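The following exercises concern the fold and packing of one protein chain. Each task is followed by a worked solution.

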Amino acid sequence: MKTAIHTDRAPAAIGTYSQAVRAGNFVFLSGQIPLTASGQLLESTDINALINQVFLNLQAVAEAAGGDLNNIVKLTVYLTNLKDFAQ
């Protein structure tokens, strides 16, 4: 059985998917981009600010599912500019 997870503390899912889905003892979070909880794209050229917003979103969704970022088993990050890799 699958259960959709939703929180108003992260941007709403764009499209037909959920912010996260619980399947048994596992929770699968959807990808995040630097949107605020209200859905506004963070306008910044500071990669650290953009990364921080993404992790705030992930943390909010993880907490809505009853966990936190310390429970992550696998995380994939996609960069649009490899010069930001070190960050």
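Helix 1 is followed by Gly 66, whose phi is positive, near 90°. The model examined here is a predicted one.

**Exercise 1.** Determine the order of the secondary-structure elements in the protein chain.

*Solution.* The chain contains one helix and three strands. Read from the N terminus, these elements run β-β-β-α.

**Exercise 2.** Test whether the length of helix 1 agrees with the expected span.

*Solution.* Helix 1 covers residues 47–64, which is 18 residues. The rule of 1.5 Å is multiplied by one less than the number of residues. The expected span is therefore 26 Å, and the end C-alpha atoms are 26 Å apart, which agrees. At the start of the helix, a side-chain oxygen of Asp 46 comes to within 3.1 Å of the backbone nitrogen of Asn 48.

**Exercise 3.** Identify what the buried residues of helix 1 pack against.

*Solution.* The buried residues of the helix are Leu 50, Gln 53, Val 54, Asn 57, Leu 58, Ala 60, Val 61 and Ala 62. Their packing partners are strand 1 (2–5), strand 2 (20–23) and strand 3 (26–29).

**Exercise 4.** List the members of the largest nonpolar core and examine the surroundings of Ala 20.

*Solution.* Six residues form this core: Ile 5, Ala 10, Ala 20, Ala 60, Val 61 and Ala 65. Leaving aside residues up to four places away in sequence, Ala 20 touches several residues, including Ile 5, Val 27, Phe 28 and Val 61. In soluble globular proteins, nonpolar side chains tend to be buried together.

Definitions and conventions
Residues numbered from 1 in each chain as written. Predicted model: local features only at pLDDT ≥ 70, side-chain atom pairs only at ≥ 80, totals over all residues. Heavy atoms only, no water. Helix = DSSP H or I, 4+ residues; strand = E, 2+ residues; numbered from the N terminus. Buried < 20%, exposed > 50% of the residue type's maximum accessible area, 1.4 Å probe, protein only. Contact = heavy atoms within 4.5 Å. Polar contact = N/O pair within 3.5 Å; in protein donor to acceptor, adjacent residues only side chain to side chain. Core = buried A, V, L, I, M, F, W, Y, C linked by side-chain atoms within 4.5 Å.
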